[in-house]
Structures are given as C-alpha cells and as structure tokens.
Amino acid sequence: MIEMANKIANDGSGGNGKGVSFLERLKQGLKKTREGLVGRVETLVRGRAKIDDDLLDDIEELLIESDLGVSVATEVIENLKKKVAEGRVTSPDAVMGLLKEELLALVGEEGESIRAAAGGTTVIMVVGVNGTGKTTTVGKLAALLRASGNRVMVAAADTFRAAAIEQLEVWARRAGAEFISQQQGSDPAAVVYDAAAAARSRKVDYLLIDTAGRLHTKSNLMEELKKIRRVVGRELEGAPHEVLLVVDATTGQNGVAQASRFKDAVDVTGLVLTKLDGTAKGGIAISIRKELGIPVRFIGVGEAVEDLREFNPRLFIDALFSS
Amino acid sequence: MVFEGLSEKLQEVLRKLRSKGKLTEKDVDEILREVRVALLEADVNFRVVREFIQSIREKAVGQEVLGSLTPGQQVIKIVHSELTRLMGGVQSKIAIASRPPTIVMLVGLQGAGKTTACAKLAGSLKKQGHSPLMVAADVYRPAAIRQLEVLGETLDIPVFSMGADQNPVDIAKGAVSSAMSKGRDVVLIDTAGRLHIDEELMAELEAIKAAVSPHEILLVADAMTGQDAVNVAKAFNERLGITGVVLTKLDGDARGGAALSIRSVTGCPVKFAGVGEKLDALEPFHPERMASRILGMGDVLTLIEKAEAVIDREKAKKIEQKLRRAEFTLEDFMDQLSQMRKMGPIDQLLGMIPGFGNRKALKGLQVDEKQLARIEAIVNSMTPEERRKPDIINGSRRRRIAMGSGTSVQDVNSLLKQFSQTRKLLKQFGDGGKGPFGKGREMRMPLI
C-alpha cells in the first residue's frame with residue numbers, strides 16, 4: 001500500500017483520459033490536493049531546525065485551508081503539540097508523519113465497502129443538496145457495479161429538476177443498467193414503489209435510487225425524502241441498505257450541517273466525495289466523519305464513467321502526505 | 001453546535017471588555033480573535049481573513065468608543081461596516097449594451113447552478129421588458145440542453161440550441177446572429193460546468209468570449225463553497241475577466257463566506273443571489289445582509305443597531321450625570337423607559353445583551369410588556385411636580401393617579417416603592433465617590 005502511495009506521489013505527470021490505470025486516475029484526481037498540501041508542508045518543514053509554535057500555526061492554517069474547519073484543525077494541532085511535549089517527535093520532518101497519523105485516525109483506518117443485502121436486491125439510495133453530482137454518481141456507480149457482473153436497476157426519483165430523468169437515462173444506457181422512471185413532476189415515492197416491484201420481479205442485484213437535490217433546511221423536501229425511504233423499506237426487506245450522501249469536495253463548513261440533517265432524516269450510511277479532481281481538498285469529509293461518524297465510501301475524481309473510486313483512507317491520506 | 005459554543009465565548013469577551021474612551025490594542029485583539037474564528041467558520045478564505053483582520057486592527061485601535069456601545073460592540077460594528085463596504089457599492093444590474101443585443105455569459109464549476117441561474121435571470125429580464133434568448137452551450141452534461149429547453153418552455157422564453165454535437169463556440173456565434181435577426185435584445189449563454197484547472201475547457205470559454213465579445217461574464221458560485229472559492233474565482237477571472245458573480249443556494253444555512261473571498265480576489269461584485277428552487281427566486285445582492293450573515297453574531301449586531309438608532313446620546317449623558325448626583329426623577333425614569341420601549345420587547349432586548357442572556361438569575365425572567373405600559377400610564381397621570389418630587393405624593397394624590405391611569409392604588413404604591421429603592425441604590429453608588437459604575441461593578445438599569 002505504501003509502495004502504491006509512493007508511486008502515486010512520486011509520479012507527478014499523468015496521461016489524459018482513456019485507458020489509464022486505477023492508480024493513474026486516482027493520482028490524477030488527487031494530484032492537485034497532494035501538490036497543495038504536501039508541497040506546502042514540505043516547504044514549511046524545510047530549513048527548520050526545531051518544532052516551534054510558528055510551524056504548528058502554519059500547519060494549522062494549512063488544515064483550515066483544506067476545509068477541515070477551525071475546531072477540527074485546532075484539535076489536530078493540540079494533539080500534535082501534546083505529542084511534541086511528550087517527546088514523541090523531535091524533528092520537523094517527523095511532524096508530517098504524525099500529522100498523517102492523526103488525520104488517518106480521524107478518517108478511519110479501514111475503507112468500508114458498501115453493505116449488501118443478505119439475499120435479493122441491495123438498495124442504494126443517493127441523496128444530497130443541489131449540484132453535488134448525485135445523478136452522475138448514480139450513473140458511475142451503476143457502471144461500477146455492472147463492471148463486476150451485477151444486474152443493476154436505476155430509478156429516477158428526481159422528478160423535480162428539468163431533464164434530470166433524461167440525464168439519468170443517458171447514464172443508465174451507458175452503464176447497461178435497467179431504468180425505471182415516470183414523468184417529470186410525478187411523486188418520487190411512486191417511482192420508487194414501481195422500481196421496488198420491478199426489482200423484485202426481475203431479481204436485480206442492485207437498485208440505485210437517484211433523488212432530487214434538496215437543501216437540508218427545507219423541511220417539506222426532507223419529509224419527501226423520508227417517505228421515499230419508508231416506501232422502499234416497506235417493499236423490499238432491509239432496504240435501503242445504503243443511503244449515500246453526495247458531498248462536493250469544494251463544500252465548506254456547511255457540509256457538517258448538511259450531513260447532520262440528512263442523517264437525521266434518512267439515516268445516511270456513507271459519503272461520496274465528488275469533484276476531487278479540482279483544487280478543493282475535501283477536508284470537510286474528515287470533519288463529517290469526526291462529528292457524525294459517517295464514513296466515506298466513494299470518491300469522484302473525474303467526469304468519465306470509471307472515475308468513481310472506492311475510498312481507501314490509507315491511500316487517500318498517504319497520497320496527500322507522502323513525498 | 002460549533003457555533004453555539006462560539007457565541008457564548010464571544011459574549012464572554014464582550015462582557016469582559018468594559019473600558020471607556022479609546023479602543024486599546026488589547027480590546028481590539030481580544031475581540032478580533034473571535035471575529036477571526038467566526039469568519040473562518042463562515043468559510044471565508046483564511047488568507048482573506050488574515051488581511052481583513054489586519055486592516056480592521058489598524059482602523060480600530062485608537063477609535064473613540066461611542067457612548068452607547070461597549071468596546072467589543074464597537075469593534076464588531078467596525079467589522080460589520082467594513083464587511084458591508086467591501087462587498088457593496090455596485091448596483092445589482094446587468095449592464096445593458098447601448099447597441100443590442102447585450103450578451104451575457106454564465107460560467108462556473110459543475111453543479112454551481114448555472115442553468116437555473118440562467119433561467120432565473122432571463123425570467124427577471126423578461127419581466128423588465130426585455131426579450132431574452134437563452135443559449136444551450138453545455139454540450140457535455142447529458143440532457144443539459146433539454147434542461148434549459150424545459151425551463152424556457154416554463155418561462156415562455158426561446159432557447160437557442162444546435163444539439164450536443166456542435167462546438168459551443170459555433171453555438172454561441174449562431175445564437176448571437178439568431179438574436180439579431182429575431183430582435184432578441186439580451187443573449188444569455190449557459191456554458192457547461194468545468195473545473196477551473198481544465199485547460200481544454202477553459203480555453204473553450206476563452207474562444208467563446210473571443211467569438212461573441214460578451215458584455216457581462218458572470219461567475220456562478222455556490223454559497224456553500226469552502227476555502228477553494230478563491231482558487232476557482234481567481235482562475236476564472238484571470239482567464240476570462242469576469243464582470244460579476246451570481247451567488248446561488250443562499251436559501252440554505254451556509255454562512256456564505258465565499259462571497260467575501262470571491263470579492264477579495266477578483267474585485268468583482270456579487271450582483272445576484274439565488275434564494276430558492278422556483279424560477280423567480282433570484283434577488284439583488286444585499287451587501288449589508290450578507291455581512292451580517294457571514295459574521296454571524298446576529299444578536300450582537302441587532303443590539304448595536306437598535307442602540308445606535310434610538311438612544312439620544314446627549315440625553316443619555318444627562319441621565320448619567322443625574323445618576324451620579326442621585327437626582328434621578330420619575331421624569332428621567334419615563335424618558336429611559338420610553339427609549340427602551342422603542343428598542344423593542346424588553347425580554348428580547350435582555351437576551352441580546354451579552355452576558356445577560358446567560359446569567360442564571362435572569363433566566364426565566366419574563367418582563368411583562370403590559371406592566372411597562374401600566375408604569376407609563378401611571379407616570380403620565382402625575383403632574384410635573386409630582387414626577388420631580390415623588391415625596392409629595394400623598395394618599396389623595398395616589399387615588400387620583402390611579403384613577404387617571406386606570407390602575408389601582410396598589411399599582412401606584414408599588415411603582416413608587418420601586419422607584420425609591422432604585423434611587424436609594426443610585427445614591428449608594430454616588431456616595432462611593434467613584435461614580436455609579438465603580439470599578440468591577442456592573443451597571444444596573446434602574447428598572448431592571
């Protein structure tokens with residue numbers, strides 16, 4: 001794993017698009033993040049003889065700039081300080097390793113794959129605020145599951161946004177997934193009811209439900225989401241097995257509020273962190289994990305259908321910090 | 001959760017700072033520490049925060065503390081007006097070209113809300129009597145063209161599209177000539193969402209710009225954006241020279257620090273705010289409201305505002321002098337009462353005073369508005385002489401006052417008792433020789 005990470009970190013170049021390996025893609029996706037953080041931590045560390053408050057202050061700002069939030073950043077720094085005081089680290093170089101350790105502890109040591117149903121159809125519901133990439137994520141997830149030989153059905157429960165149904169249909173076709181929809185403006189719970197019945201009779205392995213984007217502060221829309229969850233739970237045993245909250249990596253501190261409200265409403269089981277191929281660091285995922293215990297399941301690192309990746313915390317943090 | 005803790009801490013600092021006269025470095029630094037955290041929690045970029053705090057510090061140290069404010073409130077007032085100033089100053093309008101059509105390009109990251117913003121803008125322009133044309137130049141996202149077409153149908157505004165296999169530059173050019181021939185006076189180009197580091201797609205935007213010379217290039221940005229907002233805004237601005245910003249999803253609970261970050265790195269004003277899913281949910285941008293939202297601290301700001309708007313400083317000074325000499329009369333009492341009433345319901349007001357809200361003794365204290373009205377009526381039913389020298393109020397006068405104010409003699413008695421106790425208290429302070437607000441003592445309003 002470390003080797004893989006080093007490979008990722010050392011090779012700064014990257015092809016463009018098609019036919020590149022998983023690592024290449026992840027690397028490409030994380031490149032900006034890595035350059036941002038590691039490059040700067042290195043700069044900070046270089047030329048310093050000892051660990052002083054200035055160094056720790058600078059690292060704190062780095063963490064804040066990665067959207068970890070003031071309180072989490074402060075806590076990480078306090079822990080670092082404690083360890084420095086205990087004599088566990090003495091050189092500025094070692095601080096980086098320790099920082100990595102701290103962040104890994106926050107984000108969780110092990111990656112967790114999606115929970116599957118004991119038998120029958122596994123239902124995955126995808127939720128989030130507007131514009132985070134839910135429909136795209138459902139499309140990519142369908143492709144990922146199809147690639148490992150599953151029978152996949154996709155339900156268009158975003159009946160609100162203009163042309164969301166058509167958008168999902170394109171994705172379903174690309175992925176080779178079955179597609180269930182009604183007209184725009186119809187009751188999303190009814191779409192889900194239909195989809196559950198179809199999933200049962202066609203014995204699909206996975207049913208993916210795309211829901212409309214909604215701000216977590218709109219209680220009527222959150223109620224609608226609860227209803228969707230209730231309906232699918234009634235129709236298929238144990239469903240939904242996963243409720244994935246899609247969070248945009250550019251999201252700031254509001255991400256915690258989002259996650260908290262969605263968790264209250266529909267019991268979110270995992271996070272999908274999208275748009276990690278930009279310059280945003282996605283540190284909010286660490287805050288969400290810390291505050292609410294919701295693990296990251298997938299990351300989105302590009303526009304291509306294969307650009308949804310299972311989240312690997314070690315690889316993620318290693319890729320962020322190794323030099 | 002995080003913010004509640006913060007607010008308590010802020011209140012503590014506000015309560016602690018009590019010095020009068022000029023703002024000292026210590027006052028300013030102490031409160032700016034809290035302001036810094038508040039701004040960071042609101043997602044203002046940390047570099048922007050650093051510069052901002054530095055400039056406030058320079059402005060604030062040495063300033064006179066206005067009579068009705070505490071030093072902490074004074075600093076926050078400075079912070080707030082500076083935030084407002086930084087984000088304001090420009091009218092929320094599309095610059096209409098002297099020779100039509102006016103060409104507007106909407107650009108931004110994926111999912112910022114460009115297509116929706118495009119439709120909302122077109123709808124509002126139509127309402128103002130323009131005849132907009134929307135252009136579907138997002139050929140990448142599946143069904144993006146369809147989305148704009150559906151919105152166009154809803155608003156009854158034409159949409160120009162050439163399908164998904166045409167070059168966006170050609171689409172834009174085609175749209176402009178179509179607008180000219182059909183007499184559409186505003187062309188709104190909805191471009192595909194893209195990462196600011198995507199060389200190929202950024203070059204495409206430059207090519208569109210070069211082809212149609214837009215009058216406005218609006219960056220559409222999500223109000224929930226974190227620290228990365230500066231990178232995005234900077235990149236788009238450097239490549240395209242944006243002329244304004246549309247801040248979307250402001251109907252959520254994000255504090256929207258991105259607004260300040262973007263303004264700081266681009267110098268471009270936020271022109272519009274997206275505040276809902278409906279197609280008319282686009283508002284002009286209000287810098288003052290945004291400043292309050294970013295800063296949080298709503299309670300403190302409201303209090304400052306109310307205190308400033310209402311309190312007549314001269315009068316306040318006179319009252320203070322009277323308090324010192326224990327010459328406080330029922331007339332002054334009335335004056336103070338009516339000023340306080342102008343500031344709003346008393347219990348709300350108490351909650352807003354830093355420190356008061358938290359104090360256990362005041363928890364559950366319900367100030368009865370009716371009671372206040374009664375007191376006012378009683379004092380109003382007194383003669384001027386009685387108000388100045390309450391000692392002359394004997395039994396028959398009490399009956400008359402009670403009749404005149406529609407209250408009972410008991411009510412009049414209890415008011416007089418309360419007043420004399422207050423006066424006694426004030427006299428004690430005065431006798432201390434150090435003025436009513438001697439060291440370490442907290443000011444107590446006579447009524448409360």
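# Exercises on a two-chain model

Between chain A and chain B there are 19 residue pairs in polar contact, both partners at pLDDT 80 or more. Keep in mind as you work that this is a predicted model.

## Exercise 1: The contact between the chains

Describe the interface of chain A and chain B, starting with its residues and area and ending with the make-up of the chain A side.

Step 1. Start with who takes part: chain A brings 44 residues to the contact and chain B brings 37.

Step 2. Now turn to area. About 3400 Å² is buried between chain A and chain B, and carbon and sulfur atoms give 56% of that. On the chain A side, look for A:E61, A:V70 and A:T279: they supply 15% of the area that chain A buries against chain B, more than any other three residues.

Step 3. Add the charged pairs. The count between the two chains is four salt bridges. One to find in the viewer is the pair B:R50 and A:E61, whose side chains meet at 2.6 Å, N to O. A:E61 thus appears twice in this exercise, as a salt-bridge partner of B:R50 and as one of the three residues named for buried area.

Step 4. Place the chain A side on its secondary structure. The elements of chain A that give two or more residues to the side touching chain B are α2, α3 (53–65), α4, α7 (164–175) and α10 (254–266).

Step 5. Finish with residue classes. The chain A side divides into 13 nonpolar, 16 polar and 15 charged residues.

## Exercise 2: Two domains in chain A

Work out how domain 1 and domain 2 of chain A meet.

Step 1. Set the bounds: the domain assignment gives domain 1 as 29–107 and domain 2 as 122–312. Their C-alpha centres lie 34 Å apart.

Step 2. Count the contact. Here 15 residues of domain 1 touch 21 residues of domain 2, and the area buried between these domains is about 1500 Å², with 63% from carbon and sulfur atoms.

Step 3. Look for charge pairs. There is one salt bridge between the two domains; in chain A, the side chains of A:K290 and A:E75 meet in a salt bridge at 2.9 Å, N to O. Across the domain interface, six residue pairs are in polar contact, both at pLDDT 80 or more.

Step 4. Ask which elements of domain 1 face domain 2. Helices α2 (22–45), α4 (70–85) and α5 (92–107) of chain A each supply at least two residues, and α2(A) gives the most, with five.

Step 5. Sort by class: the side of domain 1 that touches domain 2 has six nonpolar, five polar and four charged residues.

## Exercise 3: Backbone oddities

Find the cis peptide bonds at A:P240 and B:P101 and give the loop that holds each proline.

Step 1. In chain A, the cis bond joins A:A239 and A:P240, with omega about -10°. A:P240 sits in the loop between α9 (219–235) and β5 (242–248) of chain A.

Step 2. In chain B, the bond from B:P100 to B:P101 is cis, with omega near 0°. B:P101 belongs to the loop between α4 (71–87) and β1 (102–107) of chain B.

Now take A:K275 and B:D156, and decide whether each is buried or exposed.

Step 1. A:K275 has a positive phi near 60° without being a glycine, and lies in the loop between β6 (270–274) and α11 (284–292) of chain A. Its relative accessibility is 14%, so A:K275 counts as buried, the cut-off being under 20%.

Step 2. B:D156, also not a glycine, has a positive phi of about 60°, in the loop between α6 (144–155) and β3 (159–160) of chain B. At 60% relative accessibility B:D156 counts as exposed, because exposed means over 50%.

## Exercise 4: A pair of loop neighbours

Compare the surroundings of B:H130 and B:S131.

Step 1. B:S131 lies in the loop between α5 (114–127) and β2 (132–137) of chain B, and B:H130 is found in the loop between α5 and β2 of chain B.

Step 2. Apply the cut-offs. B:H130 has 19% relative accessibility and therefore counts as buried, while B:S131, at 22%, counts as partly exposed.

Step 3. List contacts, leaving out residues up to four places away in sequence. B:H130 touches B:I96, B:L125, B:D185 and B:V186; B:S131 touches B:G183, B:R184, B:D185 and B:V186. B:D185 and B:V186 appear in both lists.

Step 4. Look closer at B:D185: its side chain makes a polar contact with the side chain of B:H130 at 2.9 Å.

Technical notes:
Residues are numbered from 1 along each chain as its sequence is written. Chains are lettered from A and ligands numbered from 1 in the order in which they are written. This is a predicted model: local features need pLDDT of at least 70, side-chain atom pairs count only at pLDDT 80 or more; totals for chains, interfaces and linings use all residues. Side-chain values use heavy atoms; hydrogens and water are left out. Domain bounds come from an automatic or database domain assignment. Contact means heavy atoms within 4.5 Å. Buried area is the accessible area (1.4 Å probe) that two parts lose on being put together, summed over both. A polar contact is a pair of N or O atoms within 3.5 Å; within protein, one must be able to donate a hydrogen and the other to accept it, and residues adjacent in sequence count only if both atoms are side-chain atoms. Helices (H or I, at least four residues) and strands (E, at least two) are DSSP runs, numbered from the N terminus. Ala, Val, Leu, Ile, Met, Phe, Trp, Tyr, Cys and Pro count as nonpolar, Asp, Glu, Lys and Arg as charged, and the others, Gly among them, as polar. Buried means under 20% relative accessible area, exposed over 50%, partly exposed in between (1.4 Å probe, protein chains only).
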